[in-house]
Structure formats: structure tokens, C-alpha cells
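Biologist: I'm new to this one, so could you pick a single part and take me through it slowly? I'd like a close look at a sheet and whatever surrounds it.

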Amino acid sequence: MRDVAVIGVGMQKWGELWEKSLRDIFTESALLAIDDAGVDHIDAMYVGCMSSGLFVGQEHLGCVLSDYLGMGPIPSLRVETACASGGAAFRQACLDVASGAHEIVLAGGVEKMTDVDGGGATFALSTAADAEYEVYQGVTFPGLYAMMAVAHMHQHGTTRDQLSHVAVKNHKNGSKNPLAQYPFEVTVQQVAESILVADPLTILDCSPITDGGAAAIVCSLDAAKRLSKKQPVKVLASAHATDSIALHSRRDISWLSAVEKAGQSAYKDAGLGPRDINFVEVHDCFTIAEICVIEALGFFERGKGGRGAESGETAVGGRIPVNPSGGLKSKGHPVGATGVAQIIETVKQLRGDCGERQVKGAKIGMTQNMGGTGGSCVVHILGSV
Amino acid sequence: MAGIIGYGAYMPRNRIKVEEIARVWGADAPSYKKGLMLREKAVPSQDQDTITMAVEATKHALKRAKIDPKRIGAVYVGSESHPYAVKPSGTVLADAIGATPEVHCADFEFACKAGSEGMFVCMGLVDGGAIEYGLAVGADTSQGAPGDALEYSAAAGAAAFIIGKGPVVAKVLHTYAYMTDTPDFWRREHMHYPRHAGRFTGEPAYFKHVLGCAKGIMAKAGAKPADFAYAVFHQPNGKFPMRAGQMLGFKKEQIEPGWLSPTLGNTYSGSSPMGLTATLDVAKPGDRILMVSYGSGAGSDGFIYEVTDRIEEVRDAAPKTRDMLDSNKRYIDYGTYAKLRRKIRMGE
């Protein structure tokens with residue numbers, strides 16, 4: 001298998017993009033990535049999108065998006081694995097290049113979520129859970145993550161304040177990210193006192209409904225050295241693991257074993273361990289998710305993840321900065337685009353292009369993108385060349 | 001140029017508190033009170049509807065106008081809750097005040113903008129010389145679906161304006177309209193309750209049109225926020241008009257006199273017109289007032305008024321809007337509310 005590198009990234013500001021359609025949002029990001037890479041064509045494309053059918057009534061995205069990007073007749077495929085669709089699309093692009101099938105491949109992600117109302121969005125998102133055993137019984141994602149939070153609090157003594165500190169830290173990082181949907185800071189008190197969604201999670205524990213796109217261009221490391229105007233970023237590992245779809249099927253509902261397995265696989269492939277990672281972008285769809293993920297990836301001992309944000313260890317400048325981009329919480333969560341945006345933040349950090357939120361001296365970064373309550377997880381490790 | 005000869009408002013006595021509605025649905029009252037800046041809303045009684053409230057408000061306007069109703073050449077009622085789908089509200093109103101039969105009459109409908117539309121058209125007819133006086137009313141007994149966020153705001157009230165030349169209480173210096181096809185809120189024929197597009201009703205709908213209209217009319221007039229004593233914006237809740245005003249550079253004090261929604265609710269076609277009546281109740285001669293309505297669908301009408309000396313003569317001739325809002329209230333529970341708003345399915 002060939003070594004793979006990222007040579008271009010593109011993303012525009014996320015938010016409630018009332019004036020833009022799904023195809024506009026994707027195409028703008030893709031063109032930015034192509035321009036950033038300095039290439040005049042792509043050979044194939046993979047686009048992560050969770051639920052364009054339910055959100056905008058459009059399936060067959062591979063065709064729609066290559067058409068609107070003006071890249072037909074190249075092979076173009078939509079990748080879906082719920083909220084991990086973006087990370088999985090990037091992984092497919094890497095595998096495509098590594099296999100030698102194609103040379104320059106676009107990995108994109110997009111979601112247009114505001115064309116439906118809150119109930120419609122809640123339903124579309126709920127399809128990432130177990131329809132027969134969870135959704136039909138009335139549970140929603142905030143409800144599932146709330147159960148995980150209660151279990152974590154019960155087993156490990158995690159506190160309401162520790163949840164709040166995750167939101168506070170991510171909003172602080174996001175306030176320095178001009179592309180973030182909600183680039184403002186919040187306080188511990190504001191998080192705890194905001195509207196209760198599913199006890200103990202308040203609205204400021206939850207990532208928002210977002211329209212947004214993201215794209216990256218990958219090619220072989222050899223080609224990157226030839227083609228790239230900028231310093232390429234090498235893909236050191238790409239891993240994917242799954243767990244039971246239903247939360248209640250797991251031995252411990254506050255432990256994310258797909259994250260653990262994908263992380264271990266990525267560490268092994270890269271020949272690295274948690275101590276070698278300079279920063280990590282994780283899937284903080286809810287504050288409790290970040291706490292569980294940083295434990296499963298080995299940055300904190302089991303049950304100790306709550307201390308991460310509270311102690312400052314996960315802040316930019318801390319022992320292991322988590323979500324310097326602002327995470328899903330502040331940057332937004334256009335489901336299919338999230339995993340690719342994590343790659344973009346990592347590439348920008350490794351290029352040293354992140355301004356006020358720059359992790360100083362960053363050489364190796366990790367991304368962790370997951371679907372549902374952790375039923376699927378994609379982990380990448382990227383490094384400076 | 002045409003102006004306001006007389007004005008009047010009316011709202012029912014019944015009030016229901018946000019806490020009472022939230023109690024029934026298991027909703028979080030503090031978050032509605034904080035998020036929408038609403039405390040309570042006016043609810044019509046058993047026999048009250050858009051027409052009866054239009055008549056009440058018009059009687060108040062006539063007391064201030066001090067004119068013979070026979071001289072009114074046009075009667076326009078703007079509402080989205082006309083009691084009849086086919087048969088005008090305006091004919092009942094015109095007959096009730098003694099303006100018939102030599103009078104032009106029409107009902108207007110443009111979501112919450114229907115009231116200001118009548119004012120806009122009357123001004124044109126007066127300026128064009130087609131009529132001596134015109135009566136424009138915005139009135140609604142709005143309904144929100146049970147349990148919907150709209151239920152906390154959909155209220156009842158009316159405002160009436162007699163437009164003409166001569167001894168006006170407020171001159172109309174400028175008018176302006178701003179409209180696009182923006183489907184943020186609608187009710188199809190035979191639907192009992194309106195539907196809305198959630199957060200889409202905010203930034204791309206209300207704020208785009210209200211801010212666009214306000215900026216447009218101020219540019220036309222060469223005016224800035226500091227040139228106005230007061231500003232009145234459509235009030236779908238307590239938060240939006242205050243935020244719109246602040247985004248435009250108005251101070252809270254300029255908006256507050258006409259800011260009725262926290263304790264009145266959204267009276268739809270009556271909303272910004274009622275805000276204007278409350279503002280005229282406290283305005284001084286020479287004060288300039290900016291008024292911007294909003295109707296879903298979507299559009300805004302803008303008006304710049306200049307208050308004259310006559311305001312002092314007529315102000316006390318009829319009940320003041322804020323006094324009606326703050327006094328003689330009767331609080332009802334959700335069961336009574338459900339009965340009055342015909343939410344209970346009766347035996348056949």
C-alpha cells in the first residue's frame with residue numbers, strides 16, 4: 001500500500017445557511033479544497049453525508065455532487081455511516097489512493113439540516129440509533145447520551161460541572177475559529193442553567209443543528225511532493241471499528257469500545273501511543289461524549305475523563321489539547337461534514353495556520369469521528385512530513 | 001399629505017400566563033419567558049372575534065377623530081382570523097359605526113401585516129383625493145396549535161386608525177414597503193392552526209424584512225435612529241422587536257412605550273398598529289415615530305410619522321392602550337382558555 005498525504009483542504013463558515021442548498025454548500029468547499037491543493041482535476045471522490053434523503057429529499061449524492069462540481073464522469077460515491085460518514089469518506093479516499101486505484105481523490109462531507117424543522121431533524125438523526133429497539137421505543141439521541149452521562153456519573157463520580165467545563169473549553173476554542181457556527185464563549189454556570197434537554201444534559205451540552213460542508217484532497221505521498229504548493233500532511237493511520245448499534249447491548253454503556261478498538265488499531269499502524277499525540281479532534285456531539293472518548297483513546301484513565309477540561313489538561317496549551325477547532329459543540333455539527341472538518345483542523349494545525357488557537361509545535365494530530373452512540377468509529381492519525 | 005386623524009385600540013380582558021400553558025404541556029416556563037420575553041397574553045371571550053374587536057377599537061378612534069362616520073369613504077379590516085372565509089368583516093364594521101352605504105369596503109390578509117396594509121392604502125386614497133377619510137383596522141384572534149411554541153404568543157387585540165387630511169394628530173412623512181416571497185408561516189384553507197418553519201421565521205424572514213424595511217425608509221427620509229423619539233416594530237414575541245431595534249441602533253427607551261407583547265402577546269394584524277397607539281398615547285408634538293410592520297410570506301410596511309399639537313387635545317378622549325393592558329385583567333386557567341378558544345371537541 002502506498003503512503004497517502006493530504007495536499008488541500010476547504011471549508012466555509014458553518015451555520016444556518018438559509019440561502020444555500022446542499023449542492024451549493026458542498027461545491028463551495030470542494031472548490032476551495034481543489035484550489036488549496038493547486039490541482040486541476042480529481043480522479044475520484046467520496047462524500048460523507050448521513051441523511052440527505054430525510055433532510056432535503058435527495059439521494060444519489062455521488063452523481064449530484066460530481067455533476068455540480070463539474071467533475072463527471074469520474075467515479076463518485078456517497079459514504080454513509082451516520083455521524084461518522086465524513087471520517088469514513090476520508091478513509092475510503094485514503095484507501096483508494098493507497099491501493100493505487102486513483103491518484104488524486106477528493107474526500108468531502110456535507111449536510112443541509114435546516115430545511116426541516118426541529119422534529120424533522122430529530123427524526124432524521126434518530127435513524128442513526130437502533131430503529132427497532134431504541135427509536136421505536138421513543139428514545140432520542142439526547143436521551144441516549146443522557147443515559148451514558150448518568151452511568152458515568154454513577155460509576156465514576158463525574159460531575160455536572162465537569163460536563164460544563166467541556167462546553168466552556170470548546171466554546172473558548174471555537175471563539176477563535178472564524179468558521180465556527182457559534183464562536184462565542186460560555187460559562188460553567190450558563191451551561192448548567194441553560195434549558196434542560198434530557199437530564200442531566202442541557203442545551204449547552206448538545207452540539208447544534210448545522211448546515212455545512214468540508215473537503216480535503218488526498219494523493220500518494222510521492223505525488224504530493226511533486227504536486228503540492230504547501231507542505232503536505234501525511235496520513236499515518238486510518239482505522240475503523242464498530243460496536244453494537246443499541247446502547248443497551250453493551251456491557252458498560254459509559255465505555256465506547258469501538259473508539260477504543262479504532263484507537264488501538266490506529267496507534268498500532270502508526271507505531272505510536274497516546275503520549276505521542278500533540279492534539280486530538282474528537283466527536284463531542286454531547287459533552288459526555290468527549291469525556292468518554294478521551295478515556296477510550298487512552299488520554300485519560302477509565303473514569304477520569306471528566307477531569308480533562310476541568311483541570312485544563314485538554315485546553316490549548318494543556319497536556320493534550322482536545323478540540324482546538326471548537327469541536328462539534330461550538331464549530332457546529334453538519335453530520336456528514338464533521339469528520340472531514342476534523343481532518344481540516346488537523347491539517348491546518350500541522351501547517352501552523354490556526355492563529356490564536358494554534359497548538360504550538362504540533363507535529364502529530366489525531367481525529368476521532370463516531371456514529372450513533374459509538375456504534376461506529378473512525379480514527380485517523382496525521383503527521384507533518 | 002394624509003395623516004392620522006384618530007386612533008384607538010382594544011384588547012380583551014382575559015389573560016393567560018405562560019406558566020399556565022407550560023404547566024399543561026409539561027414545558028419549561030422560565031425558558032419561554034426568558035427566550036421569548038413573554039409573560040402573559042390576551043384571550044378573547046366567548047362572543048369576541050375580529051369583528052367585535054374591530055368595532056371597539058374603531059369607536060375609540062372615532063372619539064379621538066371627532067368626525068361624522070358618514071364622511072368615511074373606505075373601511076378596510078386586516079386580519080388573518082376573519083370570522084368568515086367568504087363574507088367580509090368590513091361590512092359589519094362599516095354598518096356598526098354608521099358609515100354605510102356610500103363607502104368602499106375590503107378585507108385584507110397578509111399574515112400579521114394586514115393591519116398596516118389598510119393604513120397604507122387609505123393614505124394613498126386620501127392623498128389621491130378619492131376619499132375624504134379612510135378607516136383602517138388591524139385585528140386578530142390568533143390561534144396557535146395546542147402545545148406549539150405559538151400558543152404562548154398568539155393573542156387577541158385590535159387597533160383602528162382614521163386617515164385623512166386636515167387636523168391630523170400625526171402627519172405621515174414617508175411610507176415604504178419591502179417584500180419577498182419567503183414562506184416562513186402559513187395556513188392553508190381548512191387548516192385550523194397555522195404552521196411555521198421554526199427558526200427560519202427569524203433571521204431570513206422577520207429580521208430580513210423588518211431591518212430591510214427600516215433601513216429602506218430611513219434612507220428614503222435621510223433619517224437615522226437618533227432622529228426618532230420612538231420606534232414600533234412588529235411584535236411576534238417580546239424578544240424580536242427589541243432585538244430588531246437594537247440591531248438598527250435604537251435605544252430601549254425608544255421602543256419600550258409601544259412594546260406591548262410581553263404582557264399582550266402577538267396580536268398579529270393588530271400588533272405594530274397597537275404598538276403605535278400606545279406610542280401616540282405618550283408622544284409629544286413634534287416627535288417622530290418609525291413604525292415597521294411584518295407579515296409572514298413575507299413583507300414589511302414602513303411609516304414615518306410626525307406628531308402634531310392636536311395629540312394633546314385628543315389623547316384623553318378614549319381609553320389609552322397601556323391603561324387597558326394593565327388594568328381590568330381577568331386571569332383564566334387552561335381549561336377556560338381551551339373552551340374560549342374552541343379547542344375542545346364538543347358533542348354533535
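Modeller: Let's go straight to the open sheet in chain B, which has 9 strands. Keep in mind that this is a predicted model. Reading across, the strands come in the order β5-β4-β6-β7-β1-β8-β13-β12-β11, and their pairing is mixed. In general, strands of a sheet are held to each other by backbone hydrogen bonds, in a parallel or an antiparallel way. Here the edges are β5 (104-108) and β11 (230-233) of chain B, each with pairing on one side only. Step from one strand to the next and the twist averages 20°.

Take the β11 edge for a moment. β11(B) runs parallel to β12 (residues 288-292) of chain B, and 4 bridges join the pair. To find the spot by eye, look for B:V232, which sits opposite B:M291 in β12(B). Then look for helix α6 (residues 202-221) of chain B: it lies across β8 (170-182), β11, β12 and β13 (297-307) of that chain, at about 140° to β8(B).

Now zoom out to the domains. Chain B is assigned a domain 1, made of 3-169 + 319-340, and a domain 2, covering 172-311. Their centres, taken over C-alpha atoms, are 15 Å apart. Where they touch, 48 residues of domain 1 of chain B meet 43 residues of domain 2 of chain B. On the domain 1 side, the elements that each bring at least two residues are β1 (3-10), β3 (40-43), α5 (114-127), β6 (133-141), β7 (156-164) and α12 (321-326) of chain B. The top contributor to that side is α5(B), with 6 residues. Sorted by class, this side of domain 1 of chain B holds 26 nonpolar, 13 polar and 9 charged residues.

What about the other chain? The largest nonpolar core has 129 residues, and A:V6, A:A107, A:A216, A:I217, A:V218 and A:V340 have the most contacts inside it. Helix α14 (residues 335-351) of chain A gives this core its largest share, 8 residues. At least three residues of the core come from each of domain 1 (4-117 + 210-233) and domain 2 (137-207 + 236-384) of chain A. Apart from that core there is another, of 113 residues, including B:A158, B:I163, B:V168 and B:I255. As a general point, nonpolar side chains in soluble globular proteins tend to be buried together.

Conventions. Residues numbered from 1 in each chain as written. Chains lettered and ligands numbered in written order. Predicted model: local features only at pLDDT ≥ 70, side-chain atom pairs only at ≥ 80, totals over all residues. Domains from an automatic or database assignment. Contact = placed C-beta atoms within 7 Å. Nonpolar A, V, L, I, M, F, W, Y, C, P; charged D, E, K, R; others polar. Core = buried A, V, L, I, M, F, W, Y, C linked by C-beta atoms within 7 Å. Buried ≥ 20, exposed ≤ 12 C-beta atoms within 10 Å, placed from the backbone. Pairing = 2+ DSSP bridges. Axes fitted to C-alpha atoms, helices over the stretch in contact; angles between N-to-C directions.
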